[in-house]
Amino acid sequence: YIFLYRQLRPYRKWTCPPVDISVTEAEIWASLRTEGINPASAVKRLIELRDTGTTLSYRSMELLALDKEAARLAYIEENKEQPLVQNTLISCMDVLKKDGDDADAISLLVVGTESGQLFILPQDPQNSNVLCRLQLPATPALLAVSGVFDVEWRITVICRDGRMYSVKNGEVRGTAVLVGSSVDLGSQAV
């Protein structure tokens, strides 16, 4: 436990970066704010966006979940002035050695999020940016990390869609790529 505490101490105040929001969805909420669109048309456009496969923010999904028109109007009035940001939660973590395999070598935190993103964080996340970011096809649930960040590394990711993906370092430092095809597990991994 002491080892894990020392590894996580620099990350105590780190928060996941906000998830990118669809430009069209942001335009719809901006139109609602300026009353350039009526709520019924906004709901119809959000449904069309969702049906075309666009990932919507929690705010829009909550609005679409409401059945009654009066409840939707009240929800829009309550939320239209709030900034449209989509935060996410951490779903899994592991560590990746930075420059050597020694037990006391510097480690980097690898974080999977509910929004399907994979981050490799620097040693001091308060003073620098994310070292590597990759969008996965689904929410990661389990990580298996091997290798050294400065040389070569690979991360095996099992996602909640019941598939296993392999991620490795890209040709350019600070990039990651999905390798090969995914493996269908046939059931959820535990």
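# A tour from Ser107 through the helices and strands

At 7% relative accessibility, Ser107 counts as buried. Select Ser107 to start; this residue sits in strand E2, which spans residues 107-113. Keep in mind that the model is predicted. Now show side chains. The side chain of Ser107 makes a polar contact with the side chain of Lys97, at 3.5 Å.

**Zoom out: the whole chain**

Switch to a cartoon view. The protein has 5 helices and 8 strands. Colour from the N terminus and read the order: α-α-α-α-α-β-β-β-β-β-β-β-β. Next, colour by accessibility. Of the 190 residues in the protein, 38% are buried. A contact map adds one number. Among contacts with a separation of 6 or more, 44% join residues 24 or more positions apart.

**Stop one: H2 against H3**

Select residues 23-34, helix H2. Add H3, residues 39-51. The axes of H2 and H3 come within 10 Å and cross at roughly 175°. H2 is therefore roughly antiparallel to H3, since the angle is over 145 degrees.

Show the side chains at this contact. From H2, pick Thr24, Glu25, Ile28, Trp29 and Leu32. From H3, pick Pro39, Ala42, Arg45, Leu46 and Leu49. Colour them by class: the contact of H2 with H3 has 7 nonpolar, 1 polar and 2 charged residues.

**Stop two: H3 against H4**

Keep H3 and add H4, residues 58-65. How far apart are the axes of H3 and H4, and at what angle do the helices pack? The axes are 10 Å apart, and the angle is about 115°. That makes H3 roughly perpendicular to H4. H3 passes H4 in a left-handed crossing.

Now the residues in contact. H3 brings Val43, Leu46, Ile47 and Arg50. H4 brings Ser60, Met61, Leu63 and Leu64. By class, the contact of H3 with H4 divides into 6 nonpolar residues, 1 polar and 1 charged. Leave Leu46 highlighted for a moment: this residue takes part in the contact with H4 and also in the contact with H2.

**Stop three: the loop between H3 and H4**

Select Ser57, in the loop between H3 and H4. Is Ser57 buried or exposed? Ser57 is buried, because its relative accessible area is 2% and the cut-off is under 20%. Leave aside neighbours within four places in sequence and list what Ser57 touches: Glu25, Leu84 and Gln86. Glu25 is already on screen, as one of the H2 residues in contact with H3.

**Stop four: H4 against H5**

Hide H2 and H3. Keep H4 and select H5, residues 69-79. These two helices pack at an angle of about 160°, with axes 9 Å apart. H4 is thus roughly antiparallel to H5. H4 passes H5 in a right-handed crossing.

Show Arg59, Glu62, Leu63 and Leu64 on H4. Show Arg72, Tyr75, Ile76 and Asn79 on H5. The contact of H4 with H5 has 4 nonpolar, 1 polar and 3 charged residues. Two of these names return from stop two: Leu63 and Leu64 of H4 are also in the contact with H3.

**Stop five: Pro140 in E5**

Move on to the strands. Select Pro140, in strand E5, residues 140-148. Pro140 is buried, with a relative accessible area of 0%. Which residues does Pro140 touch, not counting residues up to four places away in sequence? The list is Ser91, Cys92, Gly112, Thr113, Gly116, Gln117, Val157, Ile158 and Cys159. Among them, Gly112 and Thr113 lie within the residue range of E2, where the tour began.

Draw a C-alpha distance from Pro140 to Gly116. It reads 6.2 Å, across 24 residues in sequence.

**Stop six: Val177 in E8**

Finish in strand E8, residues 176-184, by selecting Val177. Val177 is partly exposed, with a relative accessible area of 36%. Leave aside neighbours within four places in sequence, and Val177 is in contact with Ser166, Val167, Lys168, Asn169 and Gly170. Draw one last C-alpha distance, from Val177 to Val167: 5.6 Å, with the two residues 10 apart in sequence.

Note on methods. Residues are numbered from 1 along each chain as its sequence is written. This is a predicted model: local features need pLDDT of at least 70, side-chain atom pairs count only at pLDDT 80 or more; totals for chains, interfaces and linings use all residues. Side-chain values use heavy atoms; hydrogens and water are left out. Axes are lines fitted to C-alpha atoms, for helices over the stretch in contact, and angles run from 0 to 180 degrees between N-to-C directions. Helices (H or I, at least four residues) and strands (E, at least two) are DSSP runs, numbered from the N terminus. Angles under 35 degrees count as roughly parallel, over 145 as roughly antiparallel, 65 to 115 as roughly perpendicular and the rest as oblique. A crossing is left-handed if the near helix is turned anticlockwise from the far one by less than a right angle, and right-handed if clockwise. Contact means heavy atoms within 4.5 Å. Ala, Val, Leu, Ile, Met, Phe, Trp, Tyr, Cys and Pro count as nonpolar, Asp, Glu, Lys and Arg as charged, and the others, Gly among them, as polar. Buried means under 20% relative accessible area, exposed over 50%, partly exposed in between (1.4 Å probe, protein chains only). A polar contact is a pair of N or O atoms within 3.5 Å; within protein, one must be able to donate a hydrogen and the other to accept it, and residues adjacent in sequence count only if both atoms are side-chain atoms.
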